[in-house]
Amino acid sequence: MNKKELFERFTYLEKQIGELYAQFGELKGNLVQLIEENHHLSVENHHLRKRLDSETKEQDGQDNELLHPEAKATAVGEGYDNLARIYEEGFHICNVHFGSPRDEEDCLFCLLFLNKQQK
Ligand SMILES: [Zn+2]
């Protein structure tokens, strides 16, 4: 392989790496969108289940929230668990970097946000 060929190979590889990098960026964007969508769907699903549940209870002639005030507290706890799980899976839940992958280190914004949710 002469010097010109070698140079051309390098230029070609450089271009390929650039394209790969762009594709990675695009995939990362899609992943963030999917995580956000999944999060919203699970929140919506949770609300719909709650509503369905309370409507069923009402039909049975029971007032769910008055009889079971702890049901509301559980819902808040579940929301917190969801966020904590997303954080543990390695994604930001803070409004600064929401949905983007987290480095190994803890994120102060995320931890502050989790603390706020817990209270
Ligand atoms: Zn964060």
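Begin at the metal: select the zinc ion together with His92, Cys94, Cys107 and Cys110, which coordinate it through ND1 of His92 and through SG of Cys94, Cys107 and Cys110, at 2.1 to 2.4 Å. The model on the screen is a predicted one, and the distances and angles in this tour are computed from its atoms.

With the four donor atoms still displayed, look at the angles among them, which run from 102 to 119° and make the site of the zinc ion tetrahedral. For comparison, the ideal angle for four tetrahedral donors is 109.5 degrees. Along the sequence, the donor residues follow the spacing H-x1-C-x12-C-x2-C. Now keep Cys94 and Cys110 and colour the chain by secondary structure: Cys94 lies in the loop between helix 3 (70–88) and helix 4 (108–118), whereas Cys110 belongs to helix 4, so this pair ties together parts that are 16 residues apart in sequence. Are these two cysteines buried or exposed? Switching on a surface should help here, since both Cys94 and Cys110 are buried.

Next, zoom out to the whole chain, whose secondary structure comes to four helices and zero strands, in the order α-α-α-α when read along the sequence. Of its 119 residues, 18% count as buried.

Return to the zinc site and extend the selection to Ile35, Tyr80, Leu83, Ala84, Ile86, Tyr87, Phe91, Ile93, Cys94, Cys107, Cys110 and Leu114, the 12 residues that make up the largest nonpolar core. Helix 3 and helix 4 are the elements that give two or more residues to this core, and helix 3 gives the most, with five. The zinc donors Cys94, Cys107 and Cys110 are thus also listed among the members of the core. In soluble globular proteins, nonpolar side chains tend to be buried together.

From Ile93, a member of this core, step across to Phe113, which is found in helix 4. The C-alpha atoms of Phe113 and Ile93 are separated by 7.8 Å, although the two residues stand 20 apart along the chain. Phe113 itself is partly exposed, because its relative accessible area is 27%.

Now select Tyr87, another residue of the core, and display Arg102 with it: Arg102 lies over the face of Tyr87, at 3.8 Å from the ring centre. If the view suggests a search for paired aromatic rings, note that the structure holds zero aromatic pairs.

Which residue forms a salt bridge with Arg102? Add Asp106 to the view, where the closest N and O atoms of the Arg102–Asp106 salt bridge are 3.7 Å apart. The two partners differ in their surroundings, for Arg102 is buried, with a relative accessible area of 16%, whereas Asp106 counts as exposed at 56% relative accessibility.

The structure holds two salt bridges, and to reach the other, select Lys4 and Glu8, whose side chains meet at 3.0 Å, N to O. Lys4 and Glu8 both lie in helix 1 (residues 3–59), four residues apart, which is about one turn of that helix. Here Lys4 is exposed, with a relative accessible area of 59%, while Glu8 is partly exposed, at 42%. As a general point for both stops, side chains of opposite charge can pair when their charged atoms come close.

Notes: Residues numbered from 1 in each chain as written. Predicted model: local features only at pLDDT ≥ 70, side-chain atom pairs only at ≥ 80, totals over all residues. Heavy atoms only, no water. Salt bridge = Lys/Arg side-chain N within 4 Å of Asp/Glu carboxyl O. Buried < 20%, exposed > 50% of the residue type's maximum accessible area, 1.4 Å probe, protein only. Donors = N, O, S within 2.8 Å, 3.2 Å for Na, K, Ca; no water. Tetrahedral: all angles 85-135°; square planar, octahedral: opposite > 155°, others 65-115°. Phe/Tyr/Trp six-rings, centres within 6.5 Å; stacked < 30°, edge-to-face > 60°. Lys NZ or Arg CZ within 6 Å of the ring centre and 35° of its normal. Core = buried A, V, L, I, M, F, W, Y, C linked by side-chain atoms within 4.5 Å.
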